[in-house]
Amino acid sequence: MANASGFFTHPSISSMRTRTHLPISVSGSGFCVSKRFSKRVICSSSLTSLDNNVSPSQYRPPRLVPSGCKLIGSGSAVPSLLISNDDLAKIVDTNDEWIATRTGIRNRRVVSGKDSVVGLAVEAATKALEMAEVAPEDIDLVLMCTSTPDDLFGAAPQIQKALGCTKNPLAYDITAACSGFVLGLVSAACHIRGGGFKNVLVIGADSLSRFVDWTDRGTCILFGDAAGAVVVQACDIEDDGLYSFDVHSDGDGRRHLNASVKESQTDGALGSNGSALGDFPPKQSSYSCIQMNGQEVFRFAVKCVPQSLEAALQKAGLPASSIDWLLLHQANQRIIDSVATRLQFPPERVISNLANYGNTSAASIPLALDEAVRSGKVKPGHTIATSGFGAGLTWGSAIIRWR
């Protein structure tokens with residue numbers, strides 16, 4: 001049942017863990033029917049023809065039945081090239097101890113050779129679909145959360161094609177940097193609950209290494225490349241697995257973290273040709289390397305992230321003590337530890353793989369989630385408090401249940 005804030009109220013955590021979760025199918029009328037033996041949700045796109053005796057002005061289309069959504073599969077992929085702190089020490093004034101002490105990072109993966117953001121995303125998505133037992137042709141929507149697409153016009157349609165989604169489902173990019181994956185989950189839920197979508201693929205993938213100044217030890221030590229994906233599926237409202245969310249942005253914080261467009265230092269090939277228009281044709285542009293005020297970003301994260309998580313927990317009607325895992329964007333271990341301390345999460349209930357991959361932007365949360373699921377740490381029925389935060393500035397939190 002929806003409350004005034006638009007969020008659905010849920011039974012206690014204990015009752016949710018003991019309840020049998022049944023996959024569903026959805027008929028053309030929009031009503032949900034439980035099916036015990038199939039994880040696939042099948043959607044009928046055919047429309048019932050109008051009765052000849054009913055005029056168009058009298059016809060009322062059937063309304064969508066409120067639907068829940070849940071995460072049923074995950075996958076991840078990383079480039080093969082591993083760059084350690086010792087490797088960085090050969091090109092910039094730093095060392096392993098200095099980096100590990102300040103960030104918690106020891107290694108990161110970097111795209112090389114034929115690696116691409118689309119390639120990593122497709123690999124992660126394929127693994128997520130296999131775990132979910134959902135075929136590519138049953139995907140209704142592909143959300144590609146990235147700030148570093150291989151193509152200026154976006155990557156999602158390329159992923160849709162590579163996966164073999166034969167029904168040409170909608171596919172589009174979400175650009176929100178390190179908050180992208182959480183916003184992708186929220187978007188998936190909105191499409192499912194309000195639009196009748198059944199299977200949504202949410203991918204977080206970035207290659208920030210292509211926009212790092214590798215002579216700047218303040219930023220080059222932080223970032224790595226990766227992709228992670230989840231399948232979000234429609235379900236009965238009683239089985240809903242996205243309990244609540246809390247999202248924000250503050251454009252004033254852009255000055256602390258950005259990679260701005262910059263004009264070429266030379267005139268374009270056409271030049272002005274003596275044109276009275278002066279600045280036309282415009283100069284060719286590219287993006288600058290990542291510019292970051294580390295201290296300000298740290299202050300922002302340790303202040304806003306706990307507030308957002310507390311707001312999401314309040315909307316879900318859950319105390320922090322009922323959460324099985326805290327999963328934050330993997331930016332800096334000191335940020336993770338500070339937020340966990342603020343919310344009184346013991347270290348053994350905090351998921352972190354930052355040491356192995358660094359900050360992988362939109363990929364960090366699904367990458368860490370997939371590793372935790374495949375290792376057996378996160379089990380079906382576990383509740384996770386997750387939060388992404390970064391450039392924009394943007395930040396957001398969600399309370400979710402795994403499967």
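**Cores, rings and cysteines**

C178 is buried, with a relative accessible area of 9%, and it makes a handy place to start in this predicted model. From C178 we can step straight to F389, since the two are in contact. F389 also touches S179, F300, A301, V305, L328, H329, A331, I335, T394 and W395, leaving aside residues up to four places away in sequence.

F389 brings us to the nonpolar interior. The largest nonpolar core has 42 residues, and F389 is listed with L309, L326, L328 and I399 as having the most contacts inside it. Two or more residues of this core come from each of α8 (294–316), β15 (325–328), α9 (333–342), β17 (383–390) and β18 (394–401). Helix α8 gives the largest share, 9 residues. A second, separate core has 35 residues, among them V182, L185, L327 and L369. As a general rule, nonpolar side chains in soluble globular proteins tend to be buried together.

Now to the aromatic rings, where the count comes to 2 pairs. In one of them, F211 and Y287 have ring centres 6.4 Å apart and planes at 80 degrees; planes over 60 degrees apart count as edge-to-face, so this pair is edge-to-face. F211 sits in the loop between β8 (199–207) and α7 (217–220), while Y287 belongs to strand β13 (residues 285–287), so the pair ties together parts that are 76 residues apart in sequence. Both partners are partly exposed: F211 has a relative accessible area of 22%, and Y287 has one of 44%.

The other pair takes us back to two contacts of F389, namely F300 and W395. Their ring centres are 5.4 Å apart and their planes lie at 70 degrees, so this pair is edge-to-face too. Here again distant parts of the chain are linked, with F300 in helix α8 and W395 in strand β18, 95 residues apart. F300 and W395 are both buried.

Rings also meet charged side chains in this model. R217 lies over the face of W98, at 4.3 Å from the ring centre. Likewise, the charged end of R334 is placed over the ring of F298, 5.1 Å from its centre.

Let us finish with the cysteines. How many disulfides are there? The count comes to 0. C235 shows the reasoning nicely: its closest cysteine sulfur, in C69, is 6.4 Å away, and a disulfide needs sulfur atoms within 2.5 Å, so the two are too far apart for a bond. C235 is buried, with a relative accessible area of 0%.

Technical notes. Residues numbered from 1 in each chain as written. Heavy atoms only, no water. Core = buried A, V, L, I, M, F, W, Y, C linked by side-chain atoms within 4.5 Å. Buried < 20%, exposed > 50% of the residue type's maximum accessible area, 1.4 Å probe, protein only. Helix = DSSP H or I, 4+ residues; strand = E, 2+ residues; numbered from the N terminus. Contact = heavy atoms within 4.5 Å. Phe/Tyr/Trp six-rings, centres within 6.5 Å; stacked < 30°, edge-to-face > 60°. Lys NZ or Arg CZ within 6 Å of the ring centre and 35° of its normal.
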